[in-house]
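Okay, thanks for coming, everyone. Let me put the structure up and then walk you through a few parts of it.

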Amino acid sequence: MKSKADIRMRGFLKRTPVKKLLELIKEHSHLLSSEEIPTSEASGRTLAQEIISNVNVPNFARSAMDGYALDAESTFGASTYNPLMFRIVGQLTPGDTYDAEVQSGEALSIMTGGPLPKGTNAVLIAENAELFDNKIQILDSVTPGKNVGQIGEDIKKNQSLLKSGRVLRPQDIGLLTSIGLKSVKVLRKPEVELLITGDELLKPIEQARGVKIIDSNSAMLSPLIKRDGGLLNAVHQLPDERDLLRKHLIESNADLLCVTGGTSVGIEDHGPTLLDELGELLVHGIPMRPAAPTGFGLIPGKSNCDVKKVFLLPGNPVSCLSAYDYFVGRSLRLMSGRSEDWPYRKKIVKLATKISSQIGRIEYVRLRIKKNRAFFIAAGGASILSSTTEADAFLLTEQESEGFAEGDEVLVWLYDE
């Protein structure tokens with residue numbers, strides 16, 4: 001068993017640059033294996049196969065307009081000076097068929113989507129025909145194929161439709177359904193467990209009392225994990241007991257674990273030393289405010305080929321939010337085949353106030369946006385969750401920067417979709 005100096009109550013000896021942590025996350029967040037699921041449930045999932053159609057869509061010629069199906073050549077020569085009369089032999093609606101062959105000089109009333117009957121190759125729109133009892137008068141000719149949706153007009157047989165790696169959108173699901181695909185191979189969702197630690201914590205369903213506080217982190221992280229393509233398997237609220245945390249880290253079958261609280265350098269902060277003991281503590285402590293006690297490492301999974309990613313997230317809710325958003329969400333998106341970029345809209349705004357930052361540290365700054373101007377709310381305040389609910393957006397300062405001056409144009413990320 002490995003043994004290293006206990007860092008608790010000694011402060012962070014060395015902080016890993018945020019850029020290095022991002023590199024490590026990308027290096028270890030490999031694409032997951034595939035699974036086959038019903039097509040109707042695949043929206044938002046990443047394709048693990050190329051989709052090639054084995055059918056034509058449509059697989060029959062059909063009317064693209066309401067009108068009259070007829071033989072185009074039999075209309076040649078029609079004009080206002082030489083009107084032609086066609087006998088109406090019936091009516092056809094989508095889903096029905098007309099079994100007889102339409103002869104020259106005959107027309108079949110047809111609705112949009114109806115299959116063209118034998119003997120016809122064009123549709124005269126209703127507005128261009130004058131109706132007289134069971135006949136129509138044609139004043140202009142139509143060309144073959146006019147107002148007709150041809151076989152394979154939408155999708156051709158053997159056509160490549162979607163490439164592997166595509167994140168499926170609702171319209172993609174419609175397309176796959178239109179070719180009769182009942183199931184599809186997608187990358188499986190990363191399985192996640194939350195280990196919420198702290199003797200002072202109550203469950204979200206409990207009422208705050210005395211010196212106890214309600215765990216808000218699990219309630220906040222759950223929808224974020226879903227947003228980023230993860231599958232939250234379990235939430236465990238744990239006291240600050242080293243052996244209990246160790247047991248959960250070892251026994252978990254998740255792809256990724258988030259430990260919140262107990263990740264800094266206090267006497268009850270067992271996360272970093274346990275991660276170092278059980279596997280590899282790659283990062284502990286980053287130059288970012290809030291979120292400085294963030295950690296990342298790897299521990300063995302069920303077999304020699306499996307490795308569980310473990311993120312140590314600060315217990316203070318704003319620190320927890322910024323650390324999850326910057327690092328954990330990125331890992332989940334990479335594993336599930338999505339873009340690693342934030343799923344937030346970006347916007348350029350002008351600063352209404354100066355924002356100061358210490359060189360060597362990244363600041364997670366919350367902002368209120370009014371008339372395209374950004375007003376400072378907070379940069380610190382790791383436990384003040386209301387600073388995020390009051391904010392419309394956030395920005396991150398550069399590690400090499402002292403901040404921004406009033407009037408500077410800056411790039412911000414908007415919380416609201």
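**A sheet, a helix pair and one serine**

Right, before anything else: this is a predicted model. Let's start with helix packing, so look for α1, residues 18-28, and α6, residues 317-335. How are they arranged? Well, α1 and α6 pack at an angle of about 25°, and their axes are 10 Å apart. That angle is under 35 degrees, so we call α1 roughly parallel to α6. The crossing of the two is right-handed.

Who's actually touching whom? On the α1 side you've got Val18, Leu21, Leu22, Ile25 and Lys26, and they meet Tyr326, Phe327, Arg330, Ser331 and Leu334 of α6. If you sort the residues of that contact by type, you get seven nonpolar, one polar and two charged.

Now keep your eye on α1, because it takes us to the sheet: the helix lies across β18, β20 and β21, and runs at about 25° to β20.

So, the sheet itself. It's an open one with six strands, in the order β16-β13-β17-β21-β20-β18, and the pairing is mixed. Which strands are at the edges? Those are β16, residues 231-238, and β18, residues 280-284; each has a single partner strand, so one side of each has no neighbour in the sheet. From one strand to the next, the twist averages 20°.

Let's step inwards from β16. Its parallel partner is β13, residues 191-197, and seven bridges join the two. One to click on there: Ile196 has Gln237 in β16 as its bridge partner. Then β13 also runs parallel to β17, with five bridges between them, and here Leu195 is partnered with Val259. Carry on across and β17 pairs with β21, parallel again, over five bridges, with Leu257 standing opposite Val310.

I'd like to stay on β17 for a second, residues 256-260. Is it buried or exposed? Five of its five residues are buried, so the strand is largely enclosed by the rest of the structure. And both faces are covered: Leu256, Cys258 and Thr260 point to one side, Leu257 and Val259 to the other, and they're all buried.

Last stop is Ser336, in the loop between α6 and β22. It's a loop residue, but its relative accessible area is 6%, which is under the 20% cut-off, so it counts as buried. What is Ser336 in contact with, leaving aside neighbours within four places in sequence? The answer is Thr46, Leu187, Pro190, Asp228 and Gly229.

Okay, that's my tour. Over to you.

Notes
Residues are numbered from 1 along each chain as its sequence is written. This is a predicted model: local features need pLDDT of at least 70, side-chain atom pairs count only at pLDDT 80 or more; totals for chains, interfaces and linings use all residues. Side-chain values use heavy atoms; hydrogens and water are left out. Helices (H or I, at least four residues) and strands (E, at least two) are DSSP runs, numbered from the N terminus. Buried means under 20% relative accessible area, exposed over 50%, partly exposed in between (1.4 Å probe, protein chains only). Contact means heavy atoms within 4.5 Å. Axes are lines fitted to C-alpha atoms, for helices over the stretch in contact, and angles run from 0 to 180 degrees between N-to-C directions. Angles under 35 degrees count as roughly parallel, over 145 as roughly antiparallel, 65 to 115 as roughly perpendicular and the rest as oblique. A crossing is left-handed if the near helix is turned anticlockwise from the far one by less than a right angle, and right-handed if clockwise. Ala, Val, Leu, Ile, Met, Phe, Trp, Tyr, Cys and Pro count as nonpolar, Asp, Glu, Lys and Arg as charged, and the others, Gly among them, as polar. Two strands pair if DSSP finds at least two bridges between them.
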